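User: Got a minute to go through this one with me? I'd like the overall picture, then some details.

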Amino acid sequence: MPDSKKRGAFIVIEGLDRSGKSTQAAKLCERLEHEDIPVKLQKFPGTCLSLSYAKSTYFASVPDRTTTIGKMIDSYLRSESELDDHTIHLLFSANRWELANSLEKTLNAGTTVLCDRYAFSGIAFSASKGLSYEWCRAPDVSLPAPDLTLFLDITPEKAKERGGYGEERYEKEETQRRVRQVFARMGEEMTSGSQDSSHGQWITVDAGRGVDIVAEDIWTHIRPLASGVSGPLNRLWS
Ligand code: TMP
Ligand code: MG
């Protein structure tokens with residue numbers, strides 16, 4: 001049971017496409033619910049959910065591809081529309097900002113929030129296309145900062161073997177390789193102490209292993225936060 005004086009923990013799961021983020025987020029939700037920890041799953045952007053997943057209680061939140069901005073993102077990802085690289089970057093960020101208030105309220109009400117992708121994906125995918133890393137970071141500065149980000153690391157080759165690759169715009173091995181390089185840079189910066197700690201803790205998890213092994217590894221990092229967090233939310237990079 002959570003401590004009533006504490007706020008909920010803000011946990012982000014990041015990684016390449018097919019790294020197992022959504023599977024692990026769903027497993028983690030179940031585990032937290034089993035421990036009587038109130039939890040809400042948030043997805044950026046919302047996704048084309050499988051029916052059983054979409055019906056699950058975890059998606060009581062707005063699936064964010066359904067907001068006006070979310071619909072523009074969805075159409076871009078399905079290659080049904082074209083947008084300038086800067087424009088789509090700002091839309092992804094705006095999608096986070098439009099949900100930031102409700103996310104903060106949920107946390108302050110004592111509910112743990114598990115976020116499937118966040119600002120780190122925004123930077124990694126856009127910077128991998130050649131946009132400046134600093135420029136990519138700017139629009140997300142001062143969003144609510146996660147307490148913990150779990151980066152599910154997998155090679156693009158292994159991710160591709162998992163199937164379903166190629167349906168969306170970025171699901172190409174070469175793109176994923178470049179995205180992984182930017183994630184690696186972010187991970188180094190956030191673990192080297194070269195920045196202030198307003199981005200929260202960053203843990204890299206080897207996601208190339210079996211689902212249950214990865215889930216157990218993730219749980220060891222989540223457990224200390226499950227009863228809630230003391231102190232206010234930080235603001236990203238500020
Ligand atoms: P999804 O596969 O998790 O639904 O995400 C869809 C794609 O959107 C994925 O290839 C990563 C990309 N993306 C960005 O380019 N910028 C962002 O800010 C986010 C959240 C995702
Ligand atoms: Mg995807």
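User: How many helices and strands does the chain have?
Analyst: The chain has 9 helices and 5 strands. Keep in mind that this is a predicted model.

User: And what pattern does the chain follow along the sequence?
Analyst: Reading along the sequence gives β-α-β-α-α-α-β-α-α-β-α-α-β-α. The chain is as compact as a globular protein of its length, because its radius of gyration is 17 Å, close to the 18 Å that the globule rule gives for 238 residues. Along the principal axes, the C-alpha atoms fill a box of roughly 45 × 35 × 35 Å.

User: What share of the residues is buried?
Analyst: Buried residues are 40% of the 238 in the chain. As for contacts with a separation of 6 or more, 78% of them are between residues 24 or more positions apart.

User: Switching to the ligand. Which residues come nearest to ligand 1?
Analyst: F92, S121, G122, F125 and Y170, out of the 12 residues around ligand 1. By class, that shell has 6 nonpolar, 3 polar and 3 charged residues.

User: Which element gives the largest share of the shell?
Analyst: That's α5, with 3 residues.

User: OK, then α5: is the helix mostly covered or mostly open?
Analyst: Mostly covered: α5 spans residues 119-127, and 9 of its 9 residues are buried. Among them are S121, G122 and F125, and those three are also in the group that comes nearest to ligand 1.

User: What do the buried residues of α5 pack against?
Analyst: They pack against two strands, β1 (10-15) and β4 (148-153), and against the helices α4 (85-108), α6 (133-137) and α8 (173-192).

User: Now backbone oddities. Where is the cis peptide bond?
Analyst: It joins F44 and P45, with omega about -20°. P45 sits in the loop between β2 (39-43) and α2 (51-55).

User: Which residue between α3 and α4 has a positive phi?
Analyst: S79 does, at about 60°, although it is not a glycine. Its place is in the loop between α3 (68-77) and α4.

User: Is S79 buried or exposed?
Analyst: Exposed, because S79 has 10 other C-beta atoms within 10 Å, and the cut-off for exposed is 12 or fewer.

User: What about S142, what's its phi?
Analyst: S142 has a positive phi too, about 80°, and it isn't a glycine either. S142 lies in the loop between α6 and β4. With 14 other C-beta atoms within 10 Å, S142 counts as partly exposed.

Definitions and conventions: Residues are numbered from 1 along each chain as its sequence is written. Chains are lettered from A and ligands numbered from 1 in the order in which they are written. This is a predicted model: local features need pLDDT of at least 70, side-chain atom pairs count only at pLDDT 80 or more; totals for chains, interfaces and linings use all residues. A residue is buried if 20 or more other C-beta atoms lie within 10 Å of its own, exposed if 12 or fewer, and partly exposed in between; C-beta atoms are placed from the backbone. Helices (H or I, at least four residues) and strands (E, at least two) are DSSP runs, numbered from the N terminus. Two residues are in contact if their C-beta atoms, placed from the backbone, lie within 7 Å. A residue is near a molecule or strand if its C-beta atom, placed from the backbone, lies within 6 Å of it. Ala, Val, Leu, Ile, Met, Phe, Trp, Tyr, Cys and Pro count as nonpolar, Asp, Glu, Lys and Arg as charged, and the others, Gly among them, as polar. The radius of gyration is taken over C-alpha atoms; the globule rule is 2.2 Å times the number of residues to the power 0.38.
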